[in-house]
Amino acid sequence: MSLLREMLPDLSWWRSADWRREAIAGWTGALLVIPQAITFAYLSGVAPEYGLYCAVFVALLSSLFGNSPMVGGPNTAVAILLGLTVLPFAGRGSPLFTELVLVLSLVVGLIQILIWLLRGAELFRYFSPAAITGIKAGVGVLLITSALEGGLGLSPMTTNFFYEKFYIALVSWQDLVNPYAATVSGVTIAAGLLLKKNWLRSYIIGAVLIGTLVGAGIYGLLGPVQSQLELLGHVTLRGLPLNVPRIGPQHWLFLEQVVPQAMAIAVLGLAQSLVIARDLKARAARDLDLHKEVFAQGISNALSPFFSAFAGSGSFNRTSVALEMGARTPASGIVAAFAVVVIAWALGPLLVWLPMPVIAGVMTLVGIGMIQGKEIRPLLNRVDGPVFLITVLAIIFVSLEIGILVAVAVSVGFFVASASKVKLAVSREGDKEHIVVSGNLFYASLDHLAKQLRSDPSTRTILDLGRVPYCDASALALFESIRRERQLYGGQLDVVAA
Amino acid sequence: MWKHCINAICEPGSLQHDLSRAWAHERTARRRAPRRVTQLLLILFAASALLGASLSALARPTIDELKARAVLDDYEANIVFGYNIVMETSKYAGRYAGSSLSCTSCHLRGGTQPDGFPLNVAGVYPKWRAKNGVRNGIGMRIRDCFLYSLNGIMPPEESPEVLAVAAYVSYLSEGEVIGRPPKGWGVPTLPDTGADPNPPRGQAIYQRVCAVCHGAKGEGQGPVPAVWGLNSFNAGAGLNNVQKLAGFIWANMPMGNERSLTYQEALDVAAFINLQYRAFDPREGRLKKLAERIYHRLTLIFGKDNP
């Protein structure tokens, strides 16, 4: 019964929603998502239409089935991973590539529904904030790196280490770099960074406008042949892009190979959505059901290929903008989905002339936005610091999906390590010793206490376990053996809970 | 000394030694001759079967055969995509196409028609072209077609569309000699007729022969391409050249009744068509052109040295 309630869209917010504020938030979000959707489609290697469909349908479905103002849609890390997973199997951007991306999205959604059935939302509680910040920063570095080719007008290249690309571009810039593309992307990035100070909500739109103007000027003066500026081209949007994902023998062979990657994408998408949801639960929507959000993500990704869209997840930056603009219910997401259609349709003829270096500039700006000093600074302590650092290094030096697994493992590992520390406060009154223990007492954390208790078997000790939340059988066995030892040597051990 | 020599020759591993062992083998083998014949026959049979199989595999599959297969490797999938782009450019490469033309509007029958810009030209590239003054790979050549003949947007060199068309060109070029232009390359160059092209006469011929399909205003309809106007190739395209267009018209038009026009008639029609308006040559920037035009007007009005 409760499963059914989580599955069905809950429209109880319909009456209580403040529609004016939700609509404003929705329209702002739609303006924000269009450059991002095109960027993320480029990242995953499919035509820009698919990113826009993702911004419409995945956002609409996740708002409809969810119960929060969280804004779904195309997501950086998910898009990067989709593209990287399919790349070995088909030529980037070819029809087969697109089919495989869609099939992969379907499987990602199904895995997320499976996680929902297994009550997986509980698991994501152990994903430490340091690991999430680390993943965000790592993805930011990946974004900036993958924006490099588009920004400088290079051919796509794959390198072993991320810095190789910068090295190649720097060493042979005279032969490789297209100065006009570099100018346009540089202007876009500079404009974005300048506007960000005063216009935090939608600086990206301003940057896109300025970059496009500069690009159009160069393109107009020199023409396509001399400037060699790459343009976005025609984006043909259909109102209802229904599509049945093709699953032939080729697609099965592909799916067999990529199950681990699909799981990594599913977990990563859910992790981001649930971190947002957890944040929302604390700030805006108290009656938020995490399981329902998991189902909403799963069903919207599983249905996405039927609407020619690739998988997405909750978006940090768009959700925070929506909250600032006054969104409190899923209404803003639904408005945003329809607004994307209207805006993309109205802007269609202009989007043709959008230079790709501007898109690369937006990618860099989003990447810079993901590496946030104010989130990283509080992590500079002995527990969070290493988790963050290991995650970032694993992502930028190994790969995103490995980095995510490392992040989970490291955050659980450090949690266990910190949980197995106990504090002993030792005080003496005459010949009596008073020890106050705080921390969990279990097999991994007993060493320190045992050493203290065994140091002098003839003392009379009062052991205060009042601040011990958990005490396992091995701890009880230890107390028993020490009490016996003390009886032999004339000491005493009293266990109390004050 | 002699003995020494013999020893050296008959040392194990030397040629002599191997030969003597082979002769011994021959002698024993001759005794088992019947079995050896059957073995030989079997091997011959297997070899011929293998040869047949590989020959049939070597024969170029048609596009329809490729499309019917359940699994295509990357190259074959790319060929099919390239074929689709060539046949229906605005549907499969709509991102970069501009006009209503498809590749097959000029590269007739999907680039398989000799004297109709056939596409079996992979062996000719890279080569220097006067058009852009640089050495062109097949990718650059395809991109130029998007920019000029399709009046669209120049796709990047590594875009899936360009790679697919390049694969299709390679597929069509199978069996051609590398470095030598294929038979029926491009369009025929018409011999000198001794008379200048005459556009008014061309207009009359156009209205009589061509307008049935291409429309009285050259607008085309359905798969029949527009021959002038904003939906046709632009002023930078290769066909915007009277000689080339005349050769194309003479060899391929009117469809179904090719080579029925005389050289002079083809020349006249070409001259007429190329006098009509079409999108301008994108080699010069639009803004620059606008600025030049405004500057020219201003000098006409205010300039002192212009009469």
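**How the contacts of chain B are called**

Across the interface of domain 2 and domain 3 of chain B in this predicted model, one salt bridge is found.

Q: Why is the meeting of Arg259(B) and Asp115(B) called a salt bridge?
A: The side chains come to 2.9 Å, N to O. The cut-off asks for a Lys or Arg side-chain nitrogen within 4 Å of a carboxyl oxygen of Asp or Glu, so the pair qualifies.

Q: What makes up the side of domain 2 of chain B that touches domain 3 of chain B, by class?
A: That side has seven nonpolar, seven polar and two charged residues. Between these two domains of chain B there are also eight residue pairs in polar contact.

Q: Which three residues supply 33% of the area that domain 2 of chain B buries against domain 3 of chain B?
A: They are Phe117(B), Tyr148(B) and Asn151(B). The area buried between the two domains of chain B is about 1,500 Å², with 56% from carbon and sulfur atoms.

Now to the other chain.

Q: How do you know what joins chain B and chain A, in salt bridges and in polar contacts?
A: The salt-bridge count between chain B and chain A is zero, while six residue pairs are in polar contact. On the side of chain B that touches chain A, the residues divide into 15 nonpolar, three polar and eight charged.

Q: Which residues of chain B lose the most area to chain A?
A: Arg95(B), Ile153(B) and Glu158(B) do, together giving 29% of what that side buries. The area buried between the chains is about 2,000 Å², of which carbon and sulfur atoms give 61%.

Conventions
Residues are numbered from 1 along each chain as its sequence is written. Chains are lettered from A and ligands numbered from 1 in the order in which they are written. This is a predicted model: local features need pLDDT of at least 70, side-chain atom pairs count only at pLDDT 80 or more; totals for chains, interfaces and linings use all residues. Side-chain values use heavy atoms; hydrogens and water are left out. Buried area is the accessible area (1.4 Å probe) that two parts lose on being put together, summed over both. A polar contact is a pair of N or O atoms within 3.5 Å; within protein, one must be able to donate a hydrogen and the other to accept it, and residues adjacent in sequence count only if both atoms are side-chain atoms. Ala, Val, Leu, Ile, Met, Phe, Trp, Tyr, Cys and Pro count as nonpolar, Asp, Glu, Lys and Arg as charged, and the others, Gly among them, as polar.
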